[in-house]
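Q: Could you take a close look at one salt bridge in this structure, and then explain how the surrounding parts are arranged? I am in my first year, so please go step by step.

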Amino acid sequence: MKVILLGTAAGGGCPQWNCACRLCVSGLVPRSQDCVAISADGVGWYLLNCSPDIRAQILGTPELRAGPGPREIPLRGVLLTDAELDHSLGLLMLREAGGLPVWAPEPALSALSPFRTIVDGYGGWTWLSTVNIPGLRVDVLPVSDKRPKYVPAGPDGPWVVAYRIEDPATGGVLVYAPCLRSWPPGFDAFVADADLVLLDGTFYAPDEMAGVGGPDQLAMGHLPITASLARIAGRKGNWAFTHLNNTNPVLDPATPEHAAVRAAGAALPPDGTSYLL
């Protein structure tokens with residue numbers, strides 16, 4: 001299984017257009033909004049979430065570029081972890097890809113009804129809650145009942161899921177969990193023996209947003225890195241934090257927070273990082 005991290009930042013990317021915090025003005029290498037591409041054969045590719053930056057992410061990734069025919073594309077489908085806008089707005093950018101299947105939790109599919117109407121006007125897509133990818137085995141774990149802000153009321157969930165994707169040919173396992181409100185029941189078993197775990201790294205500490213007038217991290221549906229580090233220390237496999245918010249000090253390699261993540265054996269990979277599992 002081939003894995004490419006197309007983007008590794010939280011909503012808005014880093015730097016954010018409306019932010020002048022220390023990290024946004026520091027000149028760090030920019031990160032685009034979180035999105036991952038996976039493939040069992042290097043020919044057909046599936047997206048894990050679909051960020052607003054998807055056009056630039058596709059054009060910047062040779063494996064995802066159109067061809068060899070004038071309208072041939074390697075994209076075969078999209079798996080959404082939830083209905084958050086930074087994970088789904090990119091679907092509108094892909095509206096010309098007629099017949100594209102999209103998988104998501106049932107409440108997310110319902111919330112995305114306006115998107116579905118728009119996209120289906122360009123070519124009938126398939127909207128599914130049960131995942132089936134040729135050449136790969138996909139297991140789904142509900143991890144949160146947090147609704148997007150634009151959904152004031154609705155079913156209890158699950159609104160957010162994590163994906164465990166296995167290549168039966170190699171035994172390689174990827175776990176993609178960019179949004180964790182907590183360390184949910186069953187998650188230890190879900191990540192057991194995984195070769196690569198892409199874990200929610202939105203915020204480093206619970207009070208991180210206080211400096212920019214934001215709510216606490218648990219209310220925003222993200223488990224701080226400080227709560228995850230003790231759980232991953234000494235575990236096998238590769239652990240990497242993704243979905244990094246522009247306020248997160250781990251973005252700066254010179255900070256003690258960055259050093260703490262690395263000391264725990266976890267990585268903070270940049271956009272464009274690839275893995276072979």
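A: Asp188 is partly exposed, because its relative accessible area of 36% falls between the limits of 20% for buried and 50% for exposed; the model in which this value was computed is a predicted one. Asp188 forms a salt bridge with Arg235, and the closest N and O atoms of the two are 2.5 Å apart. This pair links distant parts of the chain, since Asp188 belongs to helix H6 (residues 187-191) while Arg235 sits in the loop between H7 and S11, 47 residues apart. Arg235 is likewise partly exposed, with a relative accessible area of 32%.

The loop that holds Arg235 leads from H7 to S11, and these two elements also meet in the packing of the structure. Helix H7 (residues 225-232) lies across S10, strand S11 (238-242) and S12, and it runs at about 175 degrees to S11. The strands under this helix belong to an open sheet of 6 strands, whose order is S7-S8-S9-S10-S11-S12 and whose pairing is mixed. At its edges are strand S7 (137-144) and strand S12 (266-267), each of which pairs on one side only. Within the sheet, strand S9 (residues 173-177) and strand S10 (residues 196-200) pair in the parallel sense over 4 bridges, and Ala177 has Leu199 in S10 as its bridge partner.

At the edge strand S7 we can pick out Pro142, which is found in that strand. Pro142 counts as partly exposed, at 44% relative accessibility, and, leaving aside residues up to four places away in sequence, it touches Pro158, Val160 and Val161. Pro142 and Arg71 are 71 residues apart in sequence, and their C-alpha atoms are 36 Å apart in space.

For comparison with the pair we began with, a search of the whole structure finds 5 salt bridges. One of them joins Lys146 to Glu84, with the closest N and O atoms 3.5 Å apart. Lys146 lies in the loop between S7 and strand S8 (160-166), whereas Glu84 lies in the loop between strand S4 (75-79) and H2, so this pair ties together parts that are 62 residues apart in sequence. Lys146 is buried, because its relative accessible area is 17% and buried means under 20%. Another salt bridge joins Glu96 to Arg95, where the closest N and O atoms are 3.9 Å apart; Glu96 is exposed, with a relative accessible area of 54%, while Arg95 is partly exposed at 27%.

Elsewhere in the chain, strand S2 (residues 35-39) is largely enclosed by the rest of the structure, because 5 of its 5 residues are buried. In a regular strand, side chains alternate between the two faces of the sheet. In S2 both faces are covered, with Cys35, Ala37 and Ser39 buried on one side and Val36 and Ile38 buried on the other. Strand S1 (residues 2-7) runs antiparallel to S2 and is joined to it by 5 bridges, and S2 is also joined to strand S3 (residues 45-48), again antiparallel, by 3 bridges.

Conventions. Residues numbered from 1 in each chain as written. Predicted model: local features only at pLDDT ≥ 70, side-chain atom pairs only at ≥ 80, totals over all residues. Heavy atoms only, no water. Buried < 20%, exposed > 50% of the residue type's maximum accessible area, 1.4 Å probe, protein only. Pairing = 2+ DSSP bridges. Contact = heavy atoms within 4.5 Å. Axes fitted to C-alpha atoms, helices over the stretch in contact; angles between N-to-C directions. Salt bridge = Lys/Arg side-chain N within 4 Å of Asp/Glu carboxyl O.
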